[in-house]
Amino acid sequence: MGSVTESLEELVDYLNAQGKKVGVLKIHLYRPFSAKYFFDVFPASVKKIAVLDRSKEPGSLGEALYEEIRTLFYDAENRPVIVGGRYGLGSKDVTPTVLKAVYDNLELDQPKNGFTIGIVDDVTGLSLPIGEDIVTENESAIRCKFWGLGSDGTVGANKSAIKIIGDKTDMYAQGYFSYDSKKSGGITVSHLRFGKEKIRSTYLINEADYIACHNQSYVDKYDLLKGLKKGGRFVLNTHWTTEELDAHLPASLKRDIANKNAEFYTVNATDLAEEIGLGNRINMIMQAAFFKLADVLPIEKAVEYLKEAVVKSYGSKGEKIISMNNAAIDKGINALLKIDVPAAWATATDVAQEETTVPDFIKNVAFVMNAQNGDSLPVSAFEGREDGTFPMGISAYEKRGIAVNVPEWQVENCIQCNQCSFVCPHSVIRPFLLDENEVAHAPEGFTTKKAVGKQFEGLEYKIQISPLDCTGCGNCADICPSKEKSLIMKPLEGQMAEVANWDYAHNEVTYKSDLMDVNTLKGSQFAQPLFEFSGACAGCGETPYLKVITQLYGDRMMIANATGCSSIWGGSAPATVFTQNAEGNGPAWANSLFEDNAEYGYGMTMGIKQIRNSLEMNLNTLIGSDVPSEAKAAFQAWIEAKEDAKASKDAAKAVKDALATITSEDAATKKIVSDVLSKKDYLAKKSMWIVGGDGWAYDIGYGGLDHVLAAGENVNVLVFDTEVYSNTGGQASKSTPTAAVAKFAASGKEVKKKDLGMIAATYGYVYVAQVAMGSNKNQFMKALTEAEAYDGPSLIIAYSPCIAHGIKNGMGKTQLREQEAVDAGYWHLWRYNPELVKEGKNPFTLDSKEPSADFQEFLLGEVRYTSLQKTFPDQAERLFVKAEKDAKERYDSYIRMARND
């Protein structure tokens, strides 16, 4: 309530200056609702009122505030016309242009009631028409817009700029930040306003004085200069030279630059940041460039304040980080290059693009949303999708091209181990086996080598990368075990020939997963991943686990996902990252809340169980009826194979074929056949997975998880253990170990990590495994296959390095970091298999060896520990010792269990 009143004031001043008689009354107190205070300020001359509610009350006669205002005037003799409407639902930006439609509506003889604004509702017709764009802001305001890449530091630097200007000058400052819902690597758009007068513009910037694009790949994806005023400034971070700009900039951008008479500058912040040692953190370089061009502060003062802010922001991370950021500021000031815009750009013409056929939803909805124009979509665009379901595999159409460097396959060095594909967080690197025909029709430059292995006789082997889907983390190259690296990171631009190779391999080469056991590391990677191109951070430690699971069970998986990182990289609209195979089968995925996801998955499990029991009952009825004997045999075979994953799939096909042969006119028989066919997707045994992070499993959802595990049903639980609430800002969880710094544990966590696995193992009938694929890939595969095959509840806890850890060697080393964690005794690998009890064996197996690396040295590889040394050195010394002691105690308890002591 009241979230647009500042903008309304701005609009009222604008309209009054044009001679309109309009006003705005702001409600500050809703309960108790005071008639006295209302009428104290309400002008008696008002003839018409529009009440705006930022709410929707289904089933009511009107929204809450609207009903209150109507009641106020119930007994009045000369009641004004009162209408109500909704605004801002779905986080729609509400601008003066949108708000003006409300006043335009009131000018009508019969104003529309129950209207909506800010959307095009062409289904119910409730929306008000929006007129031409108007600009109502103070003319003295400086308006700046920054297009950034998540994790490049742009947002943090802009927040720092707001604080600098707000604290160090007498200017007003405002910042709004529009984020892509993806993790690092998603798009961020920062909207900053500065001015001598109070800023009342509570909406995103529509007319800008300064626009900066911090990522070169955005030039042909977004309308970067939309809203740049005539003579405004545009800064592009690019490694293109002046001559190359003409070849690479799209015609639409060239026309905008020329026709808006924009001052155009470039800066190669990406290369400068790498040279300094900041990796992809280009923020201080671009911020320094901003202060040099934006005329907000004298540049000398701006540099002074920026360097003060660096100490404040990065002081706990060490002098080296401070020095690198200071160097970035100095270089950013001097790295700007002013471009003389050729006159020919004003009439630049687009190069004809080859027509591609894509599904209507991708073309008409997904592409529009990905171009940041989703607010322009009418309601009718979602007709038939009122339940929120989206098609599978939309992420394959994004082709974000956000990586600076991507892997290049060195065919002569490759030993065909498939480890690169196994660890890839985004499924962008895959091994393919090609027969003679597939090799013959491959594009030019599609290199292969003879496949190694008796079962691959006559086939060629190929590692294929999708460069435009890659995030450039480099884990694949880092993990490569060949003597001479088989993968080398190379600039993206030099790998664009691989785009056509990827399209051919993925679309024309079959996935030959039947030639090798898919339950092995190498064999699993010949299966198609049914989880691809997610919105996870580059180098994410979580996604490789789930990707492998989809390669084994994806065609029959159902996933109940807990809100958190896995809901962001798993379902960031419009992208759907779960896809389907050639038969049209793939994982079904749905998201639930933190607190009830285990129960949500349990409900799915019980629903599946009831459906499949009803199928068995119906087939038994058909067996006892007058149907062909061949059909009866097929039905009986399915009943016997019902709980066997592979056998039930084979039997399911036979059942469907048999149902087609039944021609009985008996009404009861026809009804049963129809019912079975309507549930045919449940004939194959489902693989039910409940998935989420440690914040869910250890903390908020633990009660429900415990109940579900205790219930004894056949569910598989996968926990991504990042040891922190990764998605909500890095708060400490019960999984956070001793000494780690996190929000709510700024001086290091005092108590040790909860042992979720051991708690679950005490039931005796829950399969439990603790894994780290970077340390022991085979142990992970073994745990995975045992858990899925176990007829009961299973729990897999997967160590997942996270960007929140502040890994000093970067996210390209997450797999190595998992190995180091196990080597140091920080993380332990084990399995608890209840099936072994039936054989008279110890159900507990310790899979990791005695720690061989220095524990505290391992801690010093992450900022979440070293920052404690900087801020609380005495505390750090004490807690590091305690953390090591806690880890050793845990390992000793595992040793005793392994010995059956």
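Colleague: What makes you say that K159 lies over the face of F177, in this predicted model?
Modeller: K159 is 5.5 Å from the ring centre of F177. The distance cut-off for a charge over a ring is 6 Å, so K159 passes that part of the test.

Colleague: How far from the centre of the F858 ring is the charged end of R817?
Modeller: It is 3.8 Å from the centre, and the charged end of R817 sits over the ring. F858 also belongs to a cluster linked by ring pairs, together with Y799, Y826, W827, F855, Y865 and F880.

Colleague: How many aromatic pairs are there in total?
Modeller: The count is 42 aromatic pairs. One of them is F146 with Y210, at 5.7 Å centre to centre and 50° between the planes.

Colleague: Why is the pair of F146 and Y210 called tilted?
Modeller: Stacked would need planes under 30 degrees apart and edge-to-face over 60. The planes of F146 and Y210 are at 50°, so the pair is tilted. F146 is in strand β4 (residues 142-149) and Y210 in strand β7 (residues 208-213), 64 residues apart, and the pair links these distant parts of the chain. Both F146 and Y210 are buried.

Colleague: And what makes the pair of F844 and Y894 tilted?
Modeller: The ring centres of F844 and Y894 are 5.9 Å apart and the planes are at 35°, so this pair is tilted as well. F844 lies in strand β23 (residues 844-846) and Y894 in helix α32 (residues 873-899), so parts 50 residues apart in sequence are tied together.

Colleague: How do you know whether F844 and Y894 are buried or exposed?
Modeller: Buried means under 20% relative accessible area. F844 has 4% and Y894 has 0%, so both are buried.

Colleague: Let's turn to the cysteines. Why is there no bond from the sulfur of C802?
Modeller: The closest cysteine sulfur, in C565, is 5.8 Å from that of C802. A disulfide needs the two sulfur atoms within 2.5 Å, so this distance is too far for a bond. C802 is buried, at 10% relative accessibility.

Colleague: How many disulfides does the count come to?
Modeller: It comes to zero. C213 is in no disulfide either, and its nearest cysteine sulfur, that of C144, is 15 Å away. C213 is buried, with a relative accessible area of 0%.

Colleague: On to the sheet of seven strands. Why do β5 and β10 count as standing at the edges?
Modeller: The order is β5-β6-β4-β7-β8-β9-β10, in an open sheet with mixed pairing. β5 (172-179) and β10 (337-339) each have a single partner strand, so one side of each is left without a neighbour in the sheet. The twist averages 20° from one strand to the next.

Colleague: What makes β5 and strand β6 a pair?
Modeller: Pairing needs at least two bridges. Eight bridges join β5 to strand β6 (residues 187-195), so they pair, and they run antiparallel. Among the residues involved, Y172 has G195 in β6 as its bridge partner.

Colleague: Which helix packs on the sheet by touching β4, β5 and β6?
Modeller: That is helix α5 (residues 154-168), whose direction makes about 165° with that of β5. Helix α9 (residues 283-294) lies across β4, β6, β7, β8 (228-237) and β9 (263-267), at about 150° to β8.

Colleague: Now the backbone. What is notable about phi of Q372 and of S427?
Modeller: Most residues other than glycine have a negative phi. Phi of Q372 is near 65° and that of S427 is near 60°, both positive values. Q372 is in the loop between α12 (360-370) and β11 (405-409), and S427 in the loop between α13 and β12 (429-434).

Colleague: Why is Q372 called partly exposed?
Modeller: Its relative accessible area is 35%. Buried is under 20% and exposed is over 50%, so Q372 falls in between. S427, at 1%, counts as buried.

Colleague: Which residues does a cis peptide bond join to P32 and to P574?
Modeller: R31 is joined to P32, with omega about -5°, and A573 to P574, with omega about 5°. Most peptide bonds are trans. P32 lies in the loop between α1 (5-17) and α2 (35-41), whereas P574 lies in the loop between α19 (565-568) and β17 (588-592).

Methods. Residues numbered from 1 in each chain as written. Predicted model: local features only at pLDDT ≥ 70, side-chain atom pairs only at ≥ 80, totals over all residues. Heavy atoms only, no water. Buried < 20%, exposed > 50% of the residue type's maximum accessible area, 1.4 Å probe, protein only. Phe/Tyr/Trp six-rings, centres within 6.5 Å; stacked < 30°, edge-to-face > 60°. Helix = DSSP H or I, 4+ residues; strand = E, 2+ residues; numbered from the N terminus. Lys NZ or Arg CZ within 6 Å of the ring centre and 35° of its normal. Axes fitted to C-alpha atoms, helices over the stretch in contact; angles between N-to-C directions. Contact = heavy atoms within 4.5 Å.
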